[in-house]
Each structure stands twice: as C-alpha cells, then as structure tokens.
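Me: I'm new to this structure and would love a close look at a single part of it. Could you pick one chain and walk me through the surfaces where it meets its surroundings?

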Amino acid sequence: MHLRLIYLYRNLTRNKQRTLLTCAAVALPMVIYVLSTAVVSGVDAFLDNSARQLRLAVTHKASIINMLPEGYALKIKSLDPTGERLRAACGMRWIGGKMQNVTQPLSTVAVDAEEFIKAFDDFKLTETEKAAWLRDHQAIIVGRGTAAIFGWKVGDRISIRSSVPPYTSLEFHIVSTAEHAQDANTNWCHRSYYEEDLKKNIPEATQGMVSFFFVKCGSKADLDFFRVEIDKLFARTIDETKTQDEKAFMNEFITQQFDLPRNLTILSIVTVFVAVMAATNTMSMNFRDRFNEYATLKALGFGGGYVFTLIQTESLGLCLLGGIFGALMPYVAFMHTPLGRVPVPVIQHLEIRPIVCLHAIAIAAVIGLIAAVWPSVLALRLKVVAALRNLE
Amino acid sequence: MALPLSYNWRNLFVRKTTTLLTCLVIATVVGVFTWLVGFAGALNRSLSYANDAHKLIVLKQGATSETNSAILPEDYNKLSQVQDVAVNPKTGEPLRSPEMIVQVSLPRRRDNGTTFANVAVRGVTDAAFGVHRNVKLLGKGFSSGSMEVIVGEQAAKQFGGVQIGDTINLGYSGNRGYKVVGYFSANGGPMETEIWGPLTTLMNSYNRNMYSSVNVLLNDKADPDKVAKFVQGPSVDLNAQTEPAYWYDQSKNIRIYLGIVGGLVSIMCVAAIFAIANTMYATVAGRTREFAMLRTIGFSKNQILLSVVIEAVFLALLGGAMGCIACEAWLVLAGNTKDMFGATTFTTMAFEIKLTPYMVVGALLLVAGVAVLGALPPAVRASRVHVIDALREP
C-alpha cells in the first residue's frame with residue numbers, strides 16, 4: 001500500500017505541467033457545472049416553493065392581458081362557503097411602476113388587502129406589519145431585493161408612477177420588506193388605492209378589473225379539485241378563465257424568457273463531456289509515455305491488477321484534485337466575497353450549496369474512472385514479452 | 001524555406017487517439033460557442049431590422065412598452081404640432097400611425113401546441129404601411145373595417161391557427177372571429193411575429209377608446225433626438241423613443257441571460273486552451289530529437305516555433321469544423337426556432353437561429369486564436385531545444 005502511494009505521488013509529480021494543465025481542464029468544467037447547477041436549483045427552489053403554497057392562478061382564457069371582473073372573487077369563493085377548502089381568492093392587477101429618474105422598471109402588483117394576507121401566509125408578516133398593511137390604504141409591501149437597490153426601509157414614503165392608465169404618481173408608505181417572500185423583486189400595494197386613482201383621473205375607464213386571481217386552497221386534493229371547478233364555473237360565460245397552479249403559472253414566465261434552466265442544464269452536461277475528453281487525453285498520453293514501465297513492472301512480477309489499479313488511482317487522484325479545486329473556487333467566490341451579492345434574475349442571489357460542490361467532486365471522480373478505463377484495460381492486457389520486445 | 005505544412009498535417013495522425021480526443025474537446029467548445037453566437041446573432045439580426053432611427057415610438061408618459069401604454073385621442077391630436085414628420089408622397093398626409101396593441105395566446109407548432117405563446121395583435125391604419133418601412137405585404141392585405149387580419153411570416157411559421165383561411169378569436173372576451181387573409185414580412189424584424197388588423201374594428205372588438213402607441217416617421221432632415229425632446233416637453237407631454245432605443249430596452253433581460261451563458265462558455269474556452277496546451281506539450285516532448293535534427297539541417301528556431309503553432313492551429317481547425325457541423329446538426333435535429341418575451345411587452349418575439357458563414361469563420365478564427373495561445377509555451381520550449389544534448393539522448 002505504502003509503495004502504491006509513493007508511486008502515485010511520483011506519477012502525479014513526474015510531469016507537473018501535464019498534471020497542472022489536466023487539473024485545470026477538469027476544474028474549469030466543474031466550475032461551470034457548479035455555477036449552472038446553482039442557478040438551475042435556485043430556479044427550481046423558487047418553483048418548488050410556489051408549488052408548496054397550494055395556490056391557483058386564475059387568468060383570462062384569451063391571454064394574460066385580458067382582464068377579469070373583480071366580482072369573480074366572490075363567485076370563486078362561493079364554490080366553498082365553509083372557507084376551509086378554499087381559503088382565499090385575491091384579485092390582483094399588475095401596475096408595473098417606475099421611479100422618477102430611474103430607467104429600470106419596477107414590478108408592482110395591486111392586490112385585495114385582506115385576501116392577500118390570507119392567500120400569502122408564506123410571507124410570514126408580523127402582527128404589526130399586518131395591522132399597518134390593513135390600516136393604511138397607501139401601504140406597500142416591497143420586495144427586499146428592490147428595497148436593497150433603492151435603500152428603502154420600513155416607514156419610508158416612496159412615490160411610484162404606475163405603468164398602466166392613468167400613469168399617475170402614487171404615494172406609498174412602506175410597511176414591510178417581506179423578508180420571507182420567495183419573490184424578492186415584486187412590490188404589493190392595495191388595489192382599492194389604485195382603483196381610486198383610476199376613477200379620479202379617468203372616470204370613463206372600466207372599474208373593477210383585475211389581471212388575475214390567486215386562490216389559496218386547503219390541501220393538495222382541493223388544489224386539483226378547484227383547478228377544474230373554477231374553469232367549469234366560468235365556462236360559456238363572456239370571460240372564460242384558465243386556471244393553473246402557481247408553479248405552472250410562474251414556469252410559463254420563466255421559460256418564455258430564455259429558458260435559462262434548460263439551457264444551463266444542457267451546458268453543464270456538455271461541459272462534463274469536455275472534462276472527460278481532456279482527462280482521457282492525459283491518461284492516454286501518460287500510458288504511451290510509460291508503456292515501457294508497465295511492461296517492466298509486469299516483468300518484475302507485479303500482477304495485471306496491480307498495474308490496472310495504479311492507473312485507475314492516478315487518474316482518480318488527478319481528477320479529484322481538479323474537481324476539488326473546481327468546486328471550491330465558485331463556492332469561495334460566491335459565498336465569501338462580494339461577488340455573491342451580484343443579482344441574478346429570478347433567484348436574486350446565487351446560493352452555492354455544499355451539496356452541489358460535493359456532486360461536482362463526485363462527478364470529477366467518475367470522470368477520473370472513465371478517463372482511465374481505456375489505458376488501464378490496455379495495461380491489464382499488456383503482453384510482457386511483446387511489450388518488452390518493443391523496447392529499443 | 002519554412003517547414004512544409006504536410007509535415008504538420010501528417011504529425012497529427014501519428015498520435016491518433018490524442019488528436020481525436022483533443023479535437024473532441026475543441027469541437028464541443030466550438031459547438032456550444034457557435035450555438036450561443038447563433039442565438040445572439042439571431043436576436044441582433046431581428047432587432048437590427050427594427051432599427052429605423054427615424055421612426056419614433058410615442059407612448060404615454062410612464063408606460064414602459066406599447067403593451068401597457070394608452071394614448072387618448074386628444075393626446076394623439078397634440079402630435080400634430082410635431083415638426084419634421086415625413087409625408088406620404090401619394091396623399092401628402094403626414095406619416096403618423098396610431099396603433100393599438102393587444103395579445104392573443106397561440107399554440108406553438110414546435111411542440112404540437114402543448115405550450116402557448118403571447119403573440120401581439122396590432123391594430124393599424126393605412127398609415128402604418130408607410131411608417132413601418134420594412135413591412136411588406138405578401139399577397140392580399142386586409143380591407144379596413146372588415147374582420148380580417150394579416151399575419152407576420154415568422155408568426156405563421158411558428159404558431160398554430162394563424163394560417164391563411166383560419167379564423168382567430170380576438171376581442172375583449174375572445175369571441176370575435178377574425179379571418180386570416182394574408183401574410184406580411186418585416187425583413188426579419190420583431191414585427192414579423194405580430195398579427196395586424198384594422199385599427200377601428202379591433203378597437204371596437206376590444207371595447208377600447210384609446211390607442212396604445214403612435215409611430216411617427218420623421219423626414220430625413222429631422223434630428224430624432226430633438227423631436228423626441230419636443231414630444232416629451234410640455235406641449236405634447238408624451239414619451240418618445242427612437243425604434244432602436246425602444247428595442248434595446250426590451251431586449252435587456254435577454255442580454256442578461258446571454259451574458260450569464262456567455263460567461264460560462266468563455267470559461268469553457270479557457271479549459272480548451274489548457275487541453276490544447278497539454279496535447280502540444282506532449283507532442284513536443286515526444287519529438288525533442290526530431291526538432292534537434294531539424295535544427296542541425298538548418299531550420300531556424302523561429303521556423304520550428306511557427307511549425308508547432310501551425311500544427312496546433314490545424315488541430316484546432318479540425319476540431320472547430322467538427323464543432324460547427326455538430327452545431328448545425330443540433331439545430332436541424334432539435335429545431336432552430338426560438339421565441340422569447342420582451343422585457344415589459346409580455347409579447348413574444350420569434351426568430352430562427354441560423355449559422356451564417358460569418359459565424360462559422362468567426363468561430364474558426366476564435367478557435368485558431370485559442371490554439372495559438374495554448375501552443376505558444378510548448379512551441380517556445382521546442383524552439384529552445386539544446387541540439388547537441390537532444391541528439392545524444394537515446
């Protein structure tokens with residue numbers, strides 16, 4: 001065993017350049033793997049959270065910009081008068097928003113205040129926050145990401161210009177920065193406040209229209225039940241609805257943008273392939289260089305299995321080294337330096353979980369084993385006499 | 001006299017396994033790279049056709065896109081104060097096009113209608129065909145006041161239910177049937193993913209009394225920025241952007257995504273540099289005597305250095321060509337149609353990823369550059385061979 005370890009160490013340090021280059025060629029793909037997996041799992045976590053919330057999103061069947069009458073909320077709730085299986089139906093209207101002198105558009109949604117608290121209990125608002133939200137119809141719950149960008153804190157007064165008619169500047173009072181909300185960029189305000197503004201500025205505009213409803217259900221079975229029932233309720237009416245669970249609703253937005261999760265998954269598969277090729281190349285070069293040695297070892301009486309494991313462990317060690325570097329680099333860079341605060345779309349901040357790093361190291365180990373298959377099998381089959389005859 | 005190229009070419013086949021494996025590394029990197037460039041290129045191509053700097057898109061102050069903008073008829077009338085508007089040579093009317101944008105959810109053809117895309121429906125008047133200079137009717141247009149629409153080429157290609165003869169359900173409650181009577185092209189621009197119909201009929205169907213936006217074509221002498229300032233000023237008080245600026249804003253989010261993927265791909269390029277360097281080091285190390293021999297028969301240090309670099313470039317080009325072929329094959333097999341949301345329009349922009357000769361040449365140049373970087377250190381080593389020592393080696 002001792003001999004083996006010495007031989008392994010000597011093998012790895014024999015051609016330092018090659019070891020270094022191979023390590024780098026394995027490490028960089030692992031960096032890509034770790035980073036893209038972190039983004040993908042961030043998006044997945046976002047969607048899984050949506051799925052856990054047992055919420056349905058009800059939109060107009062024709063398209064998302066067609067609006068529904070606010071009265072639908074009562075009709076939806078009448079499906080379950082007990083309020084046990086269908087807890088809340090919150091009407092929402094997207095009003096976007098822009099700050100003065102800031103080009104970056106905001107995402108603000110006007111909601112039914114009381115229903116909102118019931119439907120979005122995952123926000124875990126404190127009792128004081130809830131009270132402040134209900135008391136003041138100019139109240140706004142801002143996303144913590146947005147709050148960080150503009151330096152907002154609870155108690156601030158802000159004015160946001162709506163991006164839908166009547167495009168007036170609305171004054172809001174921040175009551176919470178929604179620390180537990182999954183979506184860190186969206187702001188939530190009272191729909192009644194927006195409606196009032198609309199009525200004041202454009203009296204002839206149709207009042208009481210919402211972009212979508214979020215319906216909170218009691219259990220998974222209820223979710224599946226109401227998904228069908230709500231659409232049935234409004235079938236063959238003027239405004240037919242399309243009901244999806246929150247995950248499907250959010251996923252539609254994400255995949256319509258660039259489908260980052262799918263593209264990054266493909267990229268990380270491809271990149272692992274690159275690492276396999278690079279490591280295999282090194283191992284086959286090593287084999288060719290040490291052809292004589294292996295023949296000599298066998299001639300001295302070391303078995304085929306010994307030579308086989310020798311090559312396997314070398315390749316494994318090489319790739320593990322690269323894998324550990326590749327996994328640690330992004331981990332340190334994103335978890336322990338300011339780089340970690342760079343905002344990423346949808347998931348806000350890149351969180352690199354240790355488990356992803358461990359996966360990367362495991363993959364590197366597998367790469368090592370695969371890379372050594374061909375040379376080690378060749379070494380196993382090496383005919384001593386024939387090989388020694390090739391020596392000059 | 002330099003070393004003959006056939007010397008390098010043949011050397012590649014001396015070590016077939018190594019050559020093949022290095023080629024595969026390069027091919028993979030180049031394949032991913034060309035796909036990404038193809039994507040970015042398709043996006044830019046599409047947007048560059050929406051690049052009429054003399055066209056102003058006028059929105060309501062505060063609106064972020066045509067989708068959420070609403071312009072009252074009296075606002076529209078204020079635009080008559082704007083100077084430097086181009087005129088229609090036939091009728092002498094100023095080229096101002098009031099337009100209304102709504103959306104319709106259409107099934108994607110590439111997955112047989114399991115997913116839907118939001119496609120923009122634009123209500124237009126005759127003026128629109130003068131203002132949007134890149135829009136060309138292919139065949140018949142709609143007659144104004146009728147329930148007819150024309151469909152952009154790209155939309156007709158990628159979405160279901162919008163082929164000539166089909167009826168699309170539009171309107172406030174999605175219950176007014178509009179007949180598709182023709183197609184139009186917009187030179188590959190984003191409008192090719194739209195459906196156009198008569199403004200008045202569509203406004204009626206959607207129960208609207210406001211326009212979404214007004215597109216204004218300025219004459220060649222006008223300064224678009226100055227006119228935009230005037231529109232934003234107190235006498236009109238609307239928001240105006242030139243077309244390139246508008247689309248630049250709309251594609252910001254996509255650029256962020258492309259940036260993320262681009263960053264990761266460049267890490268892959270670095271990995272490829274290391275792989276090439278590794279291979280070339282091995283090649284050089286195995287040929288020390290050969291190089292010493294070449295030196296003794298009169299080849300200079302630089303000639304040997306160049307020769308090693310050329311060999312690496314050959315290797316890279318071989319891999320690069322494989323990568324381009326793989327990328328093209330992927331596009332053919334997995335489909336090259338893509339569509340995506342604008343940042344705040346909530347409507348889809350569809351385009352096709354195509355590998356142009358430019359991109360292929362660009363990718364090959366890049367990979368050649370990568371090869372030079374990777375091959376230089378080993379090449380320097382090869383050129384510095386101690387002739388006597390190397391020849392004496394067994």
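Reply: Happy to! Keep in mind that this is a predicted model. Let's take chain B and begin with its meeting place with chain A, a contact made by 46 residues of chain B and 47 residues of chain A. On the chain B side, the elements that each supply at least two residues are α2, β2 (96-107), α9 (252-286) and β11. Of these, α9(B) gives the most, with 17 residues. What is the mix of nonpolar, polar and charged residues on the side of chain B that touches chain A? That side has 27 nonpolar residues and 18 polar ones, along with one charged residue.

Now let's turn to the inside of chain B. The chain is divided into domain 1, which covers 5-48 + 252-392, and domain 2, which covers 55-250. Taken over C-alpha atoms, the centres of these two domains of chain B are 44 Å apart. The two domains do touch: domain 1 of chain B brings 17 residues to the contact, and domain 2 of chain B brings 20.

Staying with the domain 1 side of that contact, the elements of chain B giving two or more residues are α2 (16-48), β11 (337-341) and β12 (348-352). Here β12(B) provides the largest share, four residues. By class, this side of domain 1 of chain B holds six nonpolar, eight polar and three charged residues.

As you explore, two elements are worth following: α2 and β11 of chain B are listed for the side that touches chain A, and they also appear on the side of domain 1 that touches domain 2 of chain B.

Technical notes
Residues numbered from 1 in each chain as written. Chains lettered and ligands numbered in written order. Predicted model: local features only at pLDDT ≥ 70, side-chain atom pairs only at ≥ 80, totals over all residues. Domains from an automatic or database assignment. Contact = placed C-beta atoms within 7 Å. Nonpolar A, V, L, I, M, F, W, Y, C, P; charged D, E, K, R; others polar.
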